[in-house]
Amino acid sequence: MTMPVSRPVVLIAEELSPATVEALGPDFEIRYCDGADRGELLAAIADADALLVRSATKVDAEALAAARRLKVVARAGVGLDNVDVRAATQSGVMVVNAPTSNIVSAAELAVALMLAAARHVSPAHAALKNGEWKRARYTGTELYEKTVGIVGLGRIGVLVAQRLSAFGMNVIAYDPYVQAGRAAQMGVRLVDLDTLLTEADFMSVHLPKTPETVGLIGTEQLAKVKPSLVLVNAARGGIVDEPALYAALKEGRVAAAGLDVFAQEPCTDSPLFELENVVATPHLGASTDEAQEKAGIAVAKSVRLALSGELVPDAVNVQGGLIAEDVRPGIPLTEKLGRVFTGLAGEVALSIDVEVRGEITDYDVKVLELAALKGIFTDIVEDQVSYVNAPLLASERGIAVRLVSDPESPDHRNLITIRGTLADGSQVSVSGTLIGINQKERLVEVNGFDVDLEPTEHLAFLTYGDRPGMVGTVGVILGDAGINIAGMQVSRDAKGGRALVALSVDTAIPGDVLADLQHAISAVSARAVNLV
């Protein structure tokens, strides 16, 4: 008697479109649970091979530990705030999402907000519903032949630029990680932020939210814009400083704003909502039937690929296929090295070498090259970066990438280095290793200086001329700013030569404090890196 072959179990923990189940096909046993009910989730996940969620199900270390057979977690959407990707990676569980499912919807909403703000659609509609016919009061502004500044030229920023070009607009953009040639191919003139602020008649923000971009458009920046500016933020809340924007709108220094995102969400009580020259929506960027369906179908396809052992284009932590146990702990370290590299460089590199040395080169270490690229682009593009699209992002920017492996590693059992050449010919490098039984992460080299520093959430690197008193000065300035130093390393290339202070601190160092540090010690370079 032949026993029936059991089918892999796919657990759906939240309501998804019927098209999602249809895209999974007949090869799986589909089960359902309420992912928001913790007890129900932990019981149901025990026998699941795949888990499909949206935003309400918390997939953390506890849930992953309860999942004895889990191979893939799929988030039907763009964000991954509710999935502990690091814990999943350590458990060998693939995490996938749908990074492009909402880009058209988000771009279209940005354009809708721009038009609505320019033509006073919201207050005119409210007045008409209130029985008032106020044509003269709500005279608007055309987009035609105006200059629009796109802040962040990622996938959504590009889509917005294309659509606004069709309106006959002159498109300029600010993005330090995009080369001018690539922008020119799209008919976009790349400028610095100050130029964009002074030239733009309309502005649309399309940046990722990082410690460096929070408050990027604040009081100082809004003081430089035309009083006729229409500003749109449909990217992430907090990039535009809301109190500063309110003041500028109230005082007539900015003409109008269209907002879909806010620093704290849900947001139902903001002074901005009192202003007639603000049109606001409750984070509707991805809220279209098409985006939701695209997300469900995309992750269903990824689940099919993952459970069949094939390459998964939307995997955010592993590419698919076997990754050696000795290589796996190096993946999160290498991603961090990539983020530190970007923070140190401050611009896009022309070429990047990912150097892997030591015993792990006995295995296939290609995944570490992908991890490095994922880290390099995580904080500089609006798109979700995956191990598959990261090489494409490098290719689009004309970056030559090379993986170098060498079994010899004189100073460390294993060593991973990311080294890049910038446009001016200078080099940036950062190296890391894993130490001890617990495989603790360490930064061991920065731009040729030897260090020994844990890559904590908030780091800073100051390069200056070696002379007495500089370390004390750094400590005083950070102390006065209420920033606690968790660890400090001082390294120099020669007595009286160049020196590096590498810091780990408990909280992010604001830009003005970093500038004070640079000035106080006459640092040739001052960089803060935040790995949160």
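Is R69 buried, partly exposed or exposed? Select R69 in this predicted model: the residue is partly exposed, with a relative accessible area of 38%.

**First stop: R69 and D49.** Keep R69 selected and add D49. The two residues form a salt bridge, and their closest N and O atoms lie 2.7 Å apart. This pair links distant parts of the chain, 20 residues apart. R69 belongs to the loop between α3 (61-66) and β4 (72-75), while D49 is found in the loop between α2 (38-44) and β3 (50-53). In contrast to its partner, D49 is buried, because its relative accessible area is 5% and buried means under 20%.

**Second stop: K226 and D201.** Select K226 next, together with D201. A salt bridge joins them, with 2.9 Å between the closest N and O atoms. K226 sits in the loop between α10 (219-222) and β10 (230-233), and D201 in the loop between α9 (193-199) and β9 (202-205). They are 25 residues apart, in distant parts of the chain. K226 is partly exposed at 27% relative accessible area, whereas D201 counts as buried at 13%.

**Third stop: R492 and D466.** Now select R492, in strand β20 (residues 485-492), and D466, in the loop between β19 (458-465) and α16 (470-480). The salt bridge between R492 and D466 has its closest N and O atoms 2.8 Å apart, and the pair is separated by 26 residues. R492 is partly exposed, with a relative accessible area of 48%.

**Last stop: a network.** Finally, select E355, R357, D406 and R419. Salt bridges with shared partners join these residues into one network. The count for the model comes to 28 salt bridges.

How values were computed: Residues numbered from 1 in each chain as written. Predicted model: local features only at pLDDT ≥ 70, side-chain atom pairs only at ≥ 80, totals over all residues. Heavy atoms only, no water. Salt bridge = Lys/Arg side-chain N within 4 Å of Asp/Glu carboxyl O. Helix = DSSP H or I, 4+ residues; strand = E, 2+ residues; numbered from the N terminus. Buried < 20%, exposed > 50% of the residue type's maximum accessible area, 1.4 Å probe, protein only.
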